[in-house]
Amino acid sequence: MKYFFSRGYSGTKIIEDFVIQVEGDRIADVSFNECHDCIDFGDSILTPSFVDIHTHGIMGIDSFTATYDDFKIWEKLLLKHGVQFFVPTIVSAPIPVIENFLKNVKYSIPRGSILGGRLEGPLISMNKKGAHNPKNLIPPREFPVEDLVSNYGDALKIIDIAPELDGAIEMIESFHDKIIFSIGHTDCKTEKCVEGFKAGSRHVTHLFNAMRPFHHRDPGLVGEALVLDDVNVEVITDLVHLAPETIKLIFKCKRLENIVMITDSISATSMGDGEYKLGELDVEVRNGVAKIKGTDTIAGSTLTLDKALKNMISIGFKPEDFLSALTVNPSRIMGIKHGLIDVNYYGRMNVFDSQFNLKGIIRDDRYREVEGIDGD
């Protein structure tokens, strides 16, 4: 199928008055010739679909308790927000719960949207646990990572880890060729953080959140992550986790190619204010902000990536200055050829109106309006 668009964003590049030909699930051609047999989208805007590598749930679905059928529903719900690839993420949990989560991930991968699973715990600091049940935290030395890799293979893609914990450095050194180790939920000082990077980690969990604050004589994870060019950092742009000025600081300090925008979304996403669960913890959502019930501790977010895009524009960013962080950057990290409007890349696309409201998606060589996705 051929589609005409007056504007598109491919990484940092703006393309205008072009025809994209999608065959199956791949882009077959991008041209600037006249096309008389195209579907004409006129002044609509085309981007590659988004990739969310850190999400706990949506619309009542929590990865902690989600069934195989829930994963299928989750995939469809994310289509309505322009996300066609994602990494389900589970908070700290007992080993049997983790195994059930990875089993569901493994069985879901062949459908083509889920890229693998992520364990945000239990290998995290008690001091920076955030919205994690402390009874589930264990040191890396006691964690059966070898068994999980053996039993679930590519279903286990990312593990969050605090490098100061017993056995953390050794685990990173031994398994970084199979697993992405993301340093986060950590109280580590600069020296231990550097050890983690030298051991093989190249990723940081939601920068600034759930980590020792920056200090001018001990910059820690925040400082190292900002100055090391080959370290990828996650950013939650719900304008709650980070002030606009902090987001701008990150984008000034880091190369765009090493920034990944995530949601850290929980089951309350798209559900409105009320009481929910994140794993085993009770969560209250007020004015869209999720916190552990009875505390001031933020418990993930209710953000979607289409809203994240509009938030960035609202604080002064141009789309070409950050869209890579939603598309090609997380795709590269996860090892898929997606995120650019180019030949042989995935043909999974988002179609926006001129105000960046999501109108529809392109998937499997077919355009679908957002409102009609539920009826598929």
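# Briefing: rings, sheet and salt bridges

Trp 74 counts as buried, at 0% relative accessibility (buried is under 20% relative accessible area, exposed over 50%, partly exposed in between, with a 1.4 Å probe and protein chains only). The model is predicted, so local features need pLDDT of at least 70 and side-chain atom pairs pLDDT 80 or more, while totals for chains, interfaces and linings use all residues. Residues are numbered from 1 along each chain as its sequence is written, and side-chain values use heavy atoms, without hydrogens and water. The points below begin with the ring of Trp 74 and its partner, then turn to the sheet, the salt bridges and two buried residues.

**Aromatic rings**

- The structure contains 13 aromatic pairs (rings of Phe, Tyr and Trp, the last by its six-membered ring, with centres within 6.5 Å; planes under 30 degrees apart are stacked, over 60 edge-to-face, the rest tilted).
- One of these pairs is formed by Trp 74 and Phe 86, whose rings are tilted, with 5.3 Å from centre to centre and 45° between the planes.
- This pair links distant parts of the chain, since Trp 74 belongs to helix α1 (residues 68-79) and Phe 86 to strand β9 (residues 83-90), 12 residues apart (helices, H or I of at least four residues, and strands, E of at least two, are DSSP runs numbered from the N terminus).
- Phe 86 is buried as well, because its relative accessible area is 0%.
- One aromatic cluster brings together Tyr 3, Phe 5, Phe 18, Phe 41 and Tyr 367.

**The sheet**

- Strand β9, which holds Phe 86, is part of an open sheet of 8 strands in the order β6-β9-β10-β11-β12-β13-β14-β15, with parallel pairing (two strands pair if DSSP finds at least two bridges between them).
- The edges are taken by β6 (50-55) and β15 (259-262); each has a single partner strand, so one side of each has no neighbour in the sheet.
- Strand β14 (residues 232-236) runs parallel to β15, and 4 bridges join the two.
- In this pairing, Val 235 has Met 261 in β15 as its bridge partner.
- Helix α8 (residues 305-314) packs on the sheet, where the helix touches β6, β9 and β15.

**Salt bridges**

- Across the whole structure, a search finds 18 salt bridges (a side-chain nitrogen of Lys or Arg within 4 Å of a carboxyl oxygen of Asp or Glu).
- Among them is the salt bridge between the side chains of Arg 118 and Glu 234, at 2.5 Å from N to O.
- This salt bridge links two strands of the sheet, with Arg 118 in strand β10 (residues 117-119) and Glu 234 in strand β14, 116 residues apart.
- Arg 118 and Glu 234 are both buried.
- Another salt bridge joins the side chains of Lys 135 and Glu 280, at 3.9 Å from N to O.
- Lys 135 is in the loop between β10 and α3 (145-152), and Glu 280 is in the loop between β16 (274-278) and β17 (281-286), so the pair ties together parts 145 residues apart in sequence.
- Lys 135 is exposed, with a relative accessible area of 63%, whereas Glu 280 is partly exposed at 31% relative accessibility.
- A further salt bridge connects the side chains of Asp 187 and Arg 212, at 3.6 Å from N to O.
- Asp 187 lies in the loop between β12 (180-183) and α5 (190-199), and Arg 212 in the loop between β13 (203-204) and α6 (220-227), so this pair ties together parts 25 residues apart in sequence.
- Asp 187 is partly exposed at 21% relative accessibility, and Arg 212 is partly exposed at 25%.
- Arg 118, Asp 160 and Glu 234 are joined into one network by salt bridges that share partners.

**Two buried residues**

- Ala 131 is located in the loop between β10 and α3, the loop that also holds Lys 135.
- At 7% relative accessibility, Ala 131 is buried.
- Ala 131 and Glu 280 are 149 residues apart along the chain, and 9.7 Å separates their C-alpha atoms.
- Not counting residues up to four places away in sequence, Ala 131 touches Val 91, Leu 278, Leu 281, Ile 292, Thr 297, Ile 298 and Ala 299 (contact means heavy atoms within 4.5 Å).
- Val 328 is found in helix α9 (residues 328-334) and is buried, with a relative accessible area of 19%.
- The C-alpha atoms of Val 328 and Pro 48 are 8.3 Å apart, although these positions lie 280 residues apart in chain numbering.
- With neighbours within four places in sequence left aside, Val 328 is in contact with His 338, Gly 339 and Leu 340.

Technical notes
Axes are lines fitted to C-alpha atoms, for helices over the stretch in contact, and angles run from 0 to 180 degrees between N-to-C directions.
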